[in-house]
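Trainee: I have a structure open and some questions about it. Can we go through them one by one?

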Amino acid sequence: MDALFVPLASAIGASVDQIKLISCLLIACPLGSLFIRIPASQPNLKHLFNLLVSVFFFIPVLNLSWGFVQLLGSVLGTYYIAANVKGSNMPWIVFAFVMGHLTVNHVIRAFYNLSYETFEVTGPQMVLTMKLTTFAWNVWDGRTAPENLDKWQLQKRVTKYPTLLEFLGYSFYFPGVLVGPYLDYASYISLIDESLFEGKRSPSSTRSIPDGRKRVAYRKMLTGLVFLGIFVVLSPSFYYAIVITPWFMTQGFLHRMVYFQLSGFIERSKYYAIWTLTEGASILTGLGFTGYGPSGESTWEGAANVKVLEIELPSNFKVLLDSWNINTNIWLRECIYKRVTPKGKKPGFRSSMLTFATSAFWHGIATGYYLTFFFGGFITTAGRLCRANLRPFVLPPPGAPTTITKRIYDLTGTFVSILILNYVAAPFMLLNFTDSIEAWRRLHWYGFWMIGSTLAFFWLGGSTFLKALQKKEGKVAEKAVTPESHVMPPPLDDMAEELKELQHRMKE
């Protein structure tokens, strides 16, 4: 089928693999409309539909026959382990099996120095890794007494082991098989039997499937195509790697800064494109239904993997993180962060660092990933200190309108978050250590100066002074909330407390 894609790739100036991927995502939209027409009384036909479409994507379109065989091996291995290993280590055995397989393929990709223009098995395998490890934990929760589970675990637990066809349909759910969204088994089954829509039917509708699905889905598709157009047209001129070209250093510092920020948005637009396209296809199958809005219109927010405005115009860095790769954040929280925490204990340093390590290995072995994640730990700490020490001074009294001071604070947070986002994300895209450090050097290390000076101020007496001032003026800091997403390392102030506690225990 390459003959269909080569001319288009040449005309657009993109790689053949990129054209194939986008074509699959676009084809998934009309196929989603076919999928939802299969009656709930024919669940096996729905599972088979998912499997056959995925086979079509992987083999004749993407030429990834061996890649599909590898994914199938992970699926069958997980199915066997989860069914036959009854001990509490079962989810960790599945985790080691699928994550180990993924890491091997990351190493192979790095060995052959494959660029991101080459689409191969690691992308779909990353999505599948989340699905399979989540399934293993859901099965284990199904074997656990309900009183020992939290709300999410109760909702997602698997008490009836699926047939092989059901599990294959889940594993190869076609709208998300290539780039996500990942979904848990309970959500998949509720989509198949249409129980997802029960109790949420519009009073004015007699259909089991809510109205408005196509309107939202095709709007998502159009949005994805707009972001794709932005990337195709502007990415040859705006990209992170331009920072390490000779031309970049011929520009003035202010010009370099502005150009760099624009490059960050253009780089992210390709992720916005593929995630929004696949969200639209998922909605067409019925996934993502979340009820009805104030005006009675159906809402479809459950399949979102990214919130663009909250990333490009965030009020602070935490809002930004919570809006990026949303489903991965959920996976890290529910299947790693909570699971490595001993029962009866609060998550701390050990839980956070194991979550960080999982996120890093899941992404790959490139040094740039680790530079981004480790610096992210300092960023989250600086953000937490600002919210705890500065934010109480600008918050209006309860019920009072927002003040100009509060608006200035929020605008400053947005501006700083954008600057820091692009700075910390550069190594994530440049990947190797040498280029990442050179890029930061050419930007005069501005991110380190911003975060370093903030931490120095708070750690060298600023926090004590501001807390005393809060008490004097009757300002109350907002109650700290345990972060829901843990893609970044833990805040360093929490780490310090954990280390002190550990040293105290060792002395005892």
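Trainee: How far does α6 reach from its first C-alpha to its last?
Mentor: Keep in mind that this is a predicted model. α6 has 21 residues. At 1.5 Å a residue, 30 Å is expected. The computed reach is close to that, at 30 Å.

Trainee: How many of the residues of α6 are buried?
Mentor: Buried means under 20% relative accessible area. α6 is largely enclosed by the rest of the structure, because most of its 21 residues meet that mark. The number of buried residues is 18.

Trainee: Which helix gives the most to the lining of the largest cavity?
Mentor: A probe the size of a water molecule, rolled over the atoms, shows where empty space is left. Here the count is one cavity of 30 Å³ or more, and the largest has a volume of about 40 Å³. Its lining includes Pro124, Val127, Leu128 and Lys131, along with Leu71, Ser171, Phe172 and Val177. Four lining residues come from one helix, residues 122-142, and that is α6.

Trainee: How do the lining residues divide into nonpolar, polar and charged?
Mentor: Lys131 is in the lining, and Lys counts as charged. Ser171 is there too, and Ser counts as polar. The division is one charged, one polar and six nonpolar.

Trainee: What is the distance between the end C-alpha atoms of α5?
Mentor: α5 covers residues 90-111, which makes 22 residues. At 1.5 Å a residue, they should span 32 Å. The model agrees, so the distance is 32 Å.

Trainee: Which residue follows α5, and what is its phi?
Mentor: Within α5, the buried residues include Met90, Phe95, His101 and Arg109. Past the helix comes Asn113, with a positive phi. That phi is near 55 degrees.

Trainee: What share of residues 89-108 is helix?
Mentor: An unreviewed UniProt entry lists residues 89-108 as a transmembrane region. The end C-alpha atoms of this span lie 29 Å apart, and strand makes up 0%. For residues 222-249, also in that list, the helix share is 61%. For residues 89-108, helix makes up 95%.

Trainee: How many disulfides are there?
Mentor: A disulfide is a covalent bond between the sulfur atoms of two cysteines. The sulfur of Cys29 is 12 Å from the closest cysteine sulfur, in Cys24, which is too far for a bond. Cys24 is buried, at 1% relative accessible area, and Cys29 is buried, at 1%. The disulfide count is zero.

How values were computed. Residues numbered from 1 in each chain as written. Predicted model: local features only at pLDDT ≥ 70, side-chain atom pairs only at ≥ 80, totals over all residues. Heavy atoms only, no water. 1 Å grid on protein atoms, 1.4 Å probe; cavity = no way out; pocket = protein on both sides within 12 Å on 5 of 7 lines; lining within 4 Å. Points joined across faces, edges and corners; volume = space filled by probe spheres on them. Helix = DSSP H or I, 4+ residues; strand = E, 2+ residues; numbered from the N terminus. Expected span 1.5 Å × (residues − 1). Buried < 20%, exposed > 50% of the residue type's maximum accessible area, 1.4 Å probe, protein only. UniProt positions renumbered as here; feature names shortened; annotations may be inferred. Disulfide = S-S within 2.5 Å.
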